[in-house]
Amino acid sequence: MIVDVLTIFPGMFEEPMSASMMGLARERGLLEFRTHDLRDWTHDRHKTTDDDPYGGGPGMVMKPEPLGEAIAAIHELEDEPAHTVFLTPSGRRFDQSIAEELSSHERILFVCGRYEGFDARSHTLADDEISIGDYVLTGGELAAMVVTDAVVRLLPGVLGHEDSAVDESFSSGLLEYPQYTRPAVWNDLEVPEVLRSGDHARIQAWRRRKALELTLERRPDLLNEADLDSVEVEWVRQANGNVDSQPKED
Ligand code: 6GU
């Protein structure tokens with residue numbers, strides 16, 4: 001996959017997009033990651049990328065011409081144009097299913113908004129517009145990194161252990177079950193006996209139940225969309241009906 005980013009702060013991407021799995025994906029040739037400085041497509045002495053809003057009001061608006069020229073030039077870098085995604089708080093809210101959708105593209109171009117936003121006409125250059133949540137960032141750069149990370153880790157060969165992307169939070173629609181490692185006792189807290197039993201059927205059942213409990217407690221909204229069998233649906237109904245009763249421990 002080729003990921004291009006258009007930004008006025010290319011330096012922000014250096015370490016996050018070189019460390020850990022993103023660095024590994026690049027070393028393995030699974031990800032080509034490039035940043036492009038929007039100021040390279042300005043034509044004035046001050047390399048101006050923003051201007052006052054028509055109609056007045058606070059803040060500045062990103063000028064459409066440098067964006068238009070830059071996006072056209074970046075498309076031309078390869079035979080096929082990039083799937084162009086604007087990062088903006090007014091985009092559709094990012095989640096795991098959008099990450100999966102984006103991971104099917106050969107090429108993505110992330111366009112990072114700054115100031116009060118894009119000139120409304122520049123939205124004609126976008127194939128998609130994404131927000132990473134209901135809060136305001138000073139720019140789309142951090143959002144572009146979040147989305148890139150979530151997408152790239154889904155590419156075959158990026159994670160060492162292919163199951164890791166399947167067995168985790170959200171792909172099943174549930175939060176992830178609790179994990180433990182050595183030592184067996186730490187600060188008087190014991191690792192549950194079942195996990196040391198070697199009984200894989202029991203372990204699987206326990207993990208599934210813990211995932212359900214945790215999801216019910218913290219993110220009950222996810223249960224509406226989760227993949228539950230009829231026994232689990234009934235269990236959730238019971239647990240919901242009596243919020244005081246904790247599910248029975250093993
Ligand atoms: Cl994509 N941009 C900005 N500026 N703020 C955000 C966002 C994006 N997603 C959530 N907040």
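H83 lies in strand 5 of this predicted model. With a relative accessible area of 16%, H83 is buried, since the cut-off for that class is under 20%. Setting aside residues up to four places away in sequence, H83 touches L102, H105, R107, I108, L109, D127 and D128. Strand 5 itself spans residues 83–93, and H83 belongs to this strand.

Strand 5 also takes part in the packing of helix 2. The buried residues of that helix pack against strand 5 as well as strand 1 (2–7), strand 2 (32–37) and strand 6 (107–112). Helix 2 comprises the 12 residues 64–75, and the distance from its first C-alpha to its last is 17 Å, close to the 16 Å expected at 1.5 Å a residue. Its buried residues are P66, L67, A70, I71, I74 and H75. Viewed down the axis of helix 2, these residues fall within an arc of 160°, so they line one face of the helix. The general geometry of such an element is relevant here: an α-helix has 3.6 residues a turn, so residues three or four places apart point the same way.

A further buried position is found in helix 4, which covers residues 141–152 and contains T148. The relative accessibility of T148 is 2%, and this residue therefore counts as buried. Apart from its neighbours within four places in sequence, T148 is in contact with V3, M17, M22, F33 and F110. Among these partners, V3 falls within the range of strand 1, 2–7; F33 falls within that of strand 2, 32–37; and F110 falls within that of strand 6, 107–112.

The discussion now turns to the ligand. The residues around the ligand are L87, T88, P89, I130, S131, I132, G133, Y135, L137, G139 and A143. A polar side-chain atom of S131 lies 3.3 Å from a nitrogen atom of the ligand. Polar backbone atoms also approach ligand nitrogen: the distance is 2.6 Å for Y135 and 3.0 Å for L137.

I132, one of the residues around the ligand, is placed in the loop between strand 7 (128–131) and helix 4. Leaving aside neighbours within four places in sequence, I132 is in contact with F94, L137, A143, V146 and V147. Of these partners, L137 and A143 are also listed around the ligand. I132 and Y177 are 45 residues apart in sequence, and their C-alpha atoms are 24 Å apart in space.

On a wider scale, the domain assignment of the chain gives domain 1 (2–152) and domain 2 (167–250). Taken over C-alpha atoms, the centres of domain 1 and domain 2 are separated by 38 Å.

Two kinds of backbone geometry deserve attention in the second of these domains. As a general matter, most residues other than glycine have a negative phi, and most peptide bonds are trans. The peptide bond from R182 to P183, however, is cis, with omega near 5°. P183 is found in the loop between helix 4 and strand 8 (185–186). In the loop between strand 8 and strand 9 lie N187 and D188. N187 has a positive phi of about 50° although it is not a glycine, and D188 likewise has a positive phi, of about 65°. Both residues are exposed: N187 has a relative accessibility of 54%, and D188 has a relative accessible area of 77%.

Strand 9 (189–190) is followed by a loop leading to helix 5 (200–218), and E193 is found in that loop. E193 is partly exposed, with a relative accessible area of 48%. The side chain of E193 makes a polar contact of 3.1 Å with the side chain of R202. E193 and V136 are 57 residues apart in sequence and 44 Å apart in space, C-alpha to C-alpha.

Helix 5 has 19 residues and reaches 27 Å from its first C-alpha to its last, close to the 27 Å expected at 1.5 Å a residue. Its buried residues include I203, W206, K210, A211, L212, E213, T215 and L216. Helix 6 (230–241) is included in what covers the buried residues of helix 5.

Conventions:
Residues are numbered from 1 along each chain as its sequence is written. This is a predicted model: local features need pLDDT of at least 70, side-chain atom pairs count only at pLDDT 80 or more; totals for chains, interfaces and linings use all residues. Side-chain values use heavy atoms; hydrogens and water are left out. Domain bounds come from an automatic or database domain assignment. Helices (H or I, at least four residues) and strands (E, at least two) are DSSP runs, numbered from the N terminus. The expected span of a helix is 1.5 Å times one less than its number of residues. Buried means under 20% relative accessible area, exposed over 50%, partly exposed in between (1.4 Å probe, protein chains only). The arc is that of the directions from the helix axis to the C-beta atoms. Contact means heavy atoms within 4.5 Å. A residue is near a molecule or strand if one of its heavy atoms lies within 4 Å of it. A polar contact is a pair of N or O atoms within 3.5 Å; within protein, one must be able to donate a hydrogen and the other to accept it, and residues adjacent in sequence count only if both atoms are side-chain atoms.
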